[in-house]
Amino acid sequence: MFYREAGDFKTSYAADNQTFPIAFDRYRYWVVLAIAFLVMPFIINDYWANALLIPFLIYAIAAIGLNILTGYCGQVSLGTGAFMAVGAYSCYKLMTAFPDVSILIHVVLAGGITAMVGAAFGLPSLRIKGFYLAVATLAAQFFLVWLFNKVPWFYNNSASGQISAPERFVFGVPVTGANTDAWAVYLVCLVFVTGSAIIARNMTRGSMGRKWMAIRDMDIAAEIIGVNPLRAKLSAFAVSSFFVGISGALFFSVYLGAVEVGEVFGINKSFLVLFMVIIGGLGSIFGSFAGAAFIVCLPVVLKLIGVDLFGWPPDLVAHFNLIIVGLLIMFFLIKEPHGLAQLWRVAKEKLRLWPFPH
Amino acid sequence: MNETATPQMQDQTLEDYTTADGRKIGGVMMDLKSITLRFGGLIAINDISFNIRQGEIRAIIGPNGAGKSSMLNVISGFYQPQEGEVWFMGKKRPTMRPYKVARQGIARTFQNIALFEGMTVLDNIMTGRLNFMKTGWVAQSIWLGSAKKEETINRQKVEEIIDFLEIQTIRKTPVGRLPYGLKKRVELARALAAEPNLLLLDEPMAGMNVEEKEDMSRFILDVNDEFGTTIALIEHDMGVVMDLSDRVVVMDYGKKIGDGTPDEVRNNQEVIEAYLGVSHD
Amino acid sequence: MSADFLYGIEVILNGLMAGVMYALVALGFVLIFKASGIFNFAQGVMALFAALTLVGIMEGQIPFSHLINEIFGTKIHNFGWEVPALLAIALTLLVMVAFAWAVQQFLFKHLVGQEPIILFMATIGLAYFLEGMGDLMWGSNIKTLDLGLPQGGSRVIEELSANLGGDDFYGFFIDKLDMVASVVAIILVLALIAFSQYTKHGRAMRAVADDHQAALSVGISLNFIWVLVWSLAGLVALVAGVMWGAKSGVQFSLSLIALKALPVLMLGGFTSIPGAIVGGLIIGVGEKLFEYTVGPMIGGATENWFAYVLALLFLVFRPQGLFGEKIIERV
């Protein structure tokens, strides 16, 4: 079975328009899904789940969200951390207010609430453009974090000012609280990641996605050919925030379990997700996964090399982490603004023609 | 306005007639009445009136800085004139955002190509169909039924235009990689995909060589002939303008100095002066 | 005069001086943005890096000593000498110039003609790199910066103003360091304006700001000008870093304070030096007054977000900022 498109004729526009036009890609997609759902839950262990897999899945959702806003619609946001916080706090309030409703529904609702908040903060985008907007989203970042810190209603007046997730079950298996199993948490995140990726892909390949990309590439021309810029931008903010909110809700409820807003959802979180999107590839769903994987793995790998192999103190390794992330951001912006996803595409392009280079 | 400078054509009864090559010209489709557009102290358009008739090819010519592009921008709703009225399809058009103007059936191309560089040729042309695509976000997000069907139907329309403009081979090429002439053609395709009643072309042949110009002229004539689309275009190449258009408006320094058939305009004293650079008094 | 009113004035005075500091950082942004169209997010980290370097040199620290110790198992930390403040400042400036050159050579030379938003994101990467580099070179512990600048409240002003109000007013409390900072900032601004107006390189700088191609065609080296503006921004960063570092210690939060310069710029417009100054003052006074009047009612710490929200609201109504030119969109 070769990586070829020759002989794989498309006889309808629908077939020509599918996500993986090359048969080999389609098979691989199903194989990856099968392994993720059917094999991984049985071989997963706590360390790898908590250090790599679960943060990867959750960040991938956030990166997909930000990629829709920044990569597809061209609006740079530095408020991702705060929108994750909105998801987390919505989820917390819902979990404590309606303990009988399934946590899965709460997570989706938390996404919905974040979508509304995101759209509200997206309103200025009609008048403010480019990095003016990027700086304006800092208002959301700092204001929301302050709000969650200062208004006791949000954290149910808990003495510590933290929110912590009560125990909740899915099909009788605990997924939040103290007694969770890695495989259960993993599966919950995997379901959300798969759903998010499919929905994001569908939205970006249809008329919605084209409106966003038109706004991104040239907003004035887009308006003149009939795109309502306010609706396009607000829908991008809403959809983006929906995913970011889901990721925030999961980050709090199933991953961390307890959250102090300034520490977990501060401005550094916003940058982290932005970096995932840049390194992975702006305007690519696959890139969101690649970027999330990269940023999640990097500190772990560095720690393995630095701390475990060389015996360096962790803070020294952390400095290297900063330097390498910074260097990589600059490197990718110079060499490959479309990120890992583009490298992957180029590799596939080569492979398709292999062994004949032209 | 100097009435002698505006030839009789304007005042003739606007009866339907058939051109020599058999195209039907109908009543007034767009009527611009005393349009004045200012940017601060600069007067870009000074009290200009003219109309565009159903089915005709109307050219706007004039030296650089005459306000031609501004005129097109007024028609497409991008600039709001301070004075004057725009009548379209028999109704006075209220002040509206450009995207609403587009939805009334006015499409255009741009002087400095305004394609979406990050998208493929196909996606660019598909953006022209956006106003025909109505499925909601729920259907789109699961990509079932209506969304998929709608995509296919519109794709078919777009493929017809791709065939018409002979750009099949670059369908999946990112627009950024295309040469200038092809970009112009893709931009025309995007405008045509919107199935406009009125098509505005801002210098469709600027920077092209002779063959490309011939191709483009043929496309413009074919569009007008086959789809019956009314066309208003700005062009500098006089030969092309005179060959293509039914009527010509001449602008200079924001004013209208001539209006009529190519022959009438060619013999208009003021137009000749403007082009030959005879001093203004 | 009532004591409340006088305390209000004290708040305004302190706000003005905070505003001068914001304006100082904002100035670094404006310099780079005008000349190259780069929105330099790393300006705050540059201030941190400059302050770290200054402290490191003054105390005779060995750069990268942690790393060297870990690799070679040595236990070196200090050269064992102390460098006088003025010499250390000069050396730090040299480091900043070298940094400016490196940034131009290795980063922005390869990004010529890219979209502004790409350049902006590159500077975020630069900020991360520089932060890590600063920590790696000089260690991440909080350092005190002692240049012998006066500290604490000014007795003179306090006593002179004490009899303005009634018995419950004890005079204005104004930090001497803030006053020094304001004076230094004002001198720096005047010097920069003089530089750009009256010197050859200053004129070249403005030419580049106006039109790259035209500047290039009259024989101005873009590369040189860009290194120059980054060096100037480095100088501004050093001054800001010294002032802030002397006040609250040289630590990571210093680079976050510099984020405050962003709303200042949004108010003042990215290309206007007077705008940066006025914007800085408005933000400084505004956030102190808001915290003084409204803050206690809604839980305090409003300084965290007030500037951003103010700038956001302002921009919605006037997207070009206070002094920016009206944007005419074209197609």
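**Around helix α5 of chain B**

Just after helix α5 of chain B, Glu166(B) takes a positive phi of about 60°. The model in which this residue appears is a predicted one, and it scores ipTM 0.87 and pTM 0.88. For chain C, the mean pLDDT is 82, with 93% of the residues of that chain reaching 70 or more.

The helix that comes before Glu166(B) is a useful place to begin. Helix α5(B) runs over residues 146-164, and because its 19 residues should span 27 Å at 1.5 Å a residue, the 27 Å found between its end C-alpha atoms agrees with what is expected. Several residues of this helix are buried, namely Ala147(B), Glu151(B), Asn154(B), Arg155(B), Val158(B), Ile161(B) and Ile162(B). They cover an arc of only 120° around the axis, and therefore lie on the same side of α5(B). What covers these buried residues includes α3 (121-127), α4 (137-142) and α6 (180-193) of chain B itself, together with α1 (13-16) of chain A. On the face turned away from the buried side, by contrast, α5(B) carries the exposed residues Gln156(B), Glu160(B) and Asp163(B).

A second helix to look at is α4 of chain A, which takes in residues 80-97. From its first C-alpha to its last, this helix of 18 residues reaches 26 Å, close to the 26 Å expected at 1.5 Å a residue. How is α4(A) placed with respect to the rest of the structure? Of its 18 residues, 15 are buried, so α4(A) is largely enclosed by the rest of the structure.

Note on methods:
Residues are numbered from 1 along each chain as its sequence is written. Chains are lettered from A and ligands numbered from 1 in the order in which they are written. This is a predicted model: local features need pLDDT of at least 70, side-chain atom pairs count only at pLDDT 80 or more; totals for chains, interfaces and linings use all residues. Helices (H or I, at least four residues) and strands (E, at least two) are DSSP runs, numbered from the N terminus. The expected span of a helix is 1.5 Å times one less than its number of residues. A residue is buried if 20 or more other C-beta atoms lie within 10 Å of its own, exposed if 12 or fewer, and partly exposed in between; C-beta atoms are placed from the backbone. pLDDT is the predictor's confidence in each residue, from 0 to 100. The arc is that of the directions from the helix axis to the C-beta atoms. Two residues are in contact if their C-beta atoms, placed from the backbone, lie within 7 Å.
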